[in-house]
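Morning. I have one model to go through, and I will start with a single residue before moving to the core.

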Amino acid sequence: MNFKSTNPNISLIEDYYNHFEEENRLSTRHGQVEFLTTIKYILEILNNDKSKKIIDIGAGTGRYSVYLDSLGYDVTAVELVQHNIDVFKNKKSNVKIHQGNALDLSMFNDDTFDVTLLFGPMYHLLNKDEQLKALSEAKRITKKDGFILISYYMNEYAVITYAIVKGHILECLNNGQLDENYHTKPIDGDLYTMVRIEDIDEFNRLLNLKRYKIIAQDGASDYIRSAITRLSEEQFQEYVKYHFSIAERPDLIGASSHVLDIVKK
C-alpha cells in the first residue's frame with residue numbers, strides 16, 4: 001500500500017510503472033495466490049469454449065493475456081504504459097496488443113467480446129465519474145450476457161496495513177486520507193484508490209450489472225507474505241487449496257487486499 005505516490009495522470013502513471021516490477025509481482029508467493037485464483041474463475045467462465053473472445057484492459061506486461069493465449073483463446077489486450085507493452089511484446093504471443101486508456105475504448109465496437117477483464121484500471125481511477133466511465137466502456141464492448149471481471153483494491157487492507165500497522169492512522173485522519181468512517185479518500189499525491197463492498201455494489205446498481213460471483217482474489221495472502229514465503233512448496237500448494245475453499249465466503253471477502261467482482265451485462 002502506497003498512499004503517498006504520484007498524481008494519477010497518464011504521464012505519472014507511466015513513470016510509476018516504468019520503475020515498478022509489474023512483471024515479477026504475480027510471481028511472488030502472494031502474487032501467485034492472486035493469479036491462480038483469478039485464472040480459476042476465468043476458466044470457469046470460459047468453460048473451455050475456444051470460440052469466446054477475450055479482452056484484457058490494463059493488461060500490464062501480459063501475464064493473464066499470454067497465459068490465456070497459450071491455452072488457445074482469442075485474446076486482445078489494451079495497456080497504457082509503453083514500457084509494459086515492450087515487455088509484453090517480447091513474449092512473442094498471438095495476443096493483439098493495443099496502447100490505450102480504459103476510459104476511451106472507442107477503437108472497439110459495441111458488443112464485441114464475450115469476456116472482459118478489467119484488473120488494473122480501477123486501482124488508479126481516483127474519482128467515481130472516472131470509475132463509472134471505465135466500467136461503462138467495459139460494459140459497452142462486452143456482448144449481451146457476456147461477463148466482465150473487475151478487480152478492486154480494498155479499503156480495509158489499506159487501513160490495517162498502512163494506517164494501523166505502520167502507525168499512520170492519526171496522520172491519515174488529520175490530512176483527509178481517512179474520513180470519520182475510516183473510508184480512504186484520495187488526496188493530492190495519491191496513485192491508488194480503495195473501495196468497500198458497498199462501493200462496488202453501487203457501481204453495479206448504477207450500471208445495471210448483474211453479479212455472478214464476488215471473490216477474495218488473495219484473501220489473507222498479502223497480510224502474511226513472509227509466512228507463506230517460508231512454506232515448503234507442498235505446504236504452499238495446500239495453502240492455495242485452503243484459500244480456494246474460502247475465497248467465496250462473504251464474511252471474509254471485504255478484508256482481502258484484492259477482490260474480484262464477476263458480473264454479467
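Is His168 buried or exposed? This is a predicted model, and in it His168 has a relative accessible area of 21%. Buried requires under 20% and exposed requires over 50%, so His168 counts as partly exposed. As for where that is, look at the loop between helix H8 (155-164) and helix H9 (169-175). Leaving out residues up to four places away in sequence, His168 touches Tyr162 and Ala163.

Next, confidence. Mean pLDDT for the chain is 90, and 90% of its residues reach 70 or more. Over residues 1-8, pLDDT stays under 50. The model has 39 contacts beyond four places in sequence for that stretch.

Now the core. The largest nonpolar core has 28 residues, and the members that touch the most others are Ile57, Leu118, Met122, Leu135, Ile150 and Tyr152. At least two residues each come from strand E1 (53-57), strand E4 (113-118), helix H7 (128-141), strand E5 (142-153), helix H10 (197-207) and strand E7 (258-264). H7 gives the most to this core, with five residues. Another core, of 24 residues, lies apart from it, and its members include Ile54, Leu68, Leu117 and Phe119.

Back to Ile57 for a moment. Again not counting residues up to four places away in sequence, Ile57 touches Val78, Ala102, Leu105, Thr116, Leu117, Leu118, Phe119, Gly120, Pro121, Ala138 and Ile141. Among these contacts are Leu117 and Phe119, which I listed a minute ago under the 24-residue core.

That is what I have.

Technical notes:
Residues are numbered from 1 along each chain as its sequence is written. This is a predicted model: local features need pLDDT of at least 70, side-chain atom pairs count only at pLDDT 80 or more; totals for chains, interfaces and linings use all residues. Side-chain values use heavy atoms; hydrogens and water are left out. Helices (H or I, at least four residues) and strands (E, at least two) are DSSP runs, numbered from the N terminus. Buried means under 20% relative accessible area, exposed over 50%, partly exposed in between (1.4 Å probe, protein chains only). Contact means heavy atoms within 4.5 Å. pLDDT is the predictor's confidence in each residue, from 0 to 100. A nonpolar core is a set of buried Ala, Val, Leu, Ile, Met, Phe, Trp, Tyr and Cys residues joined through side-chain atoms within 4.5 Å.
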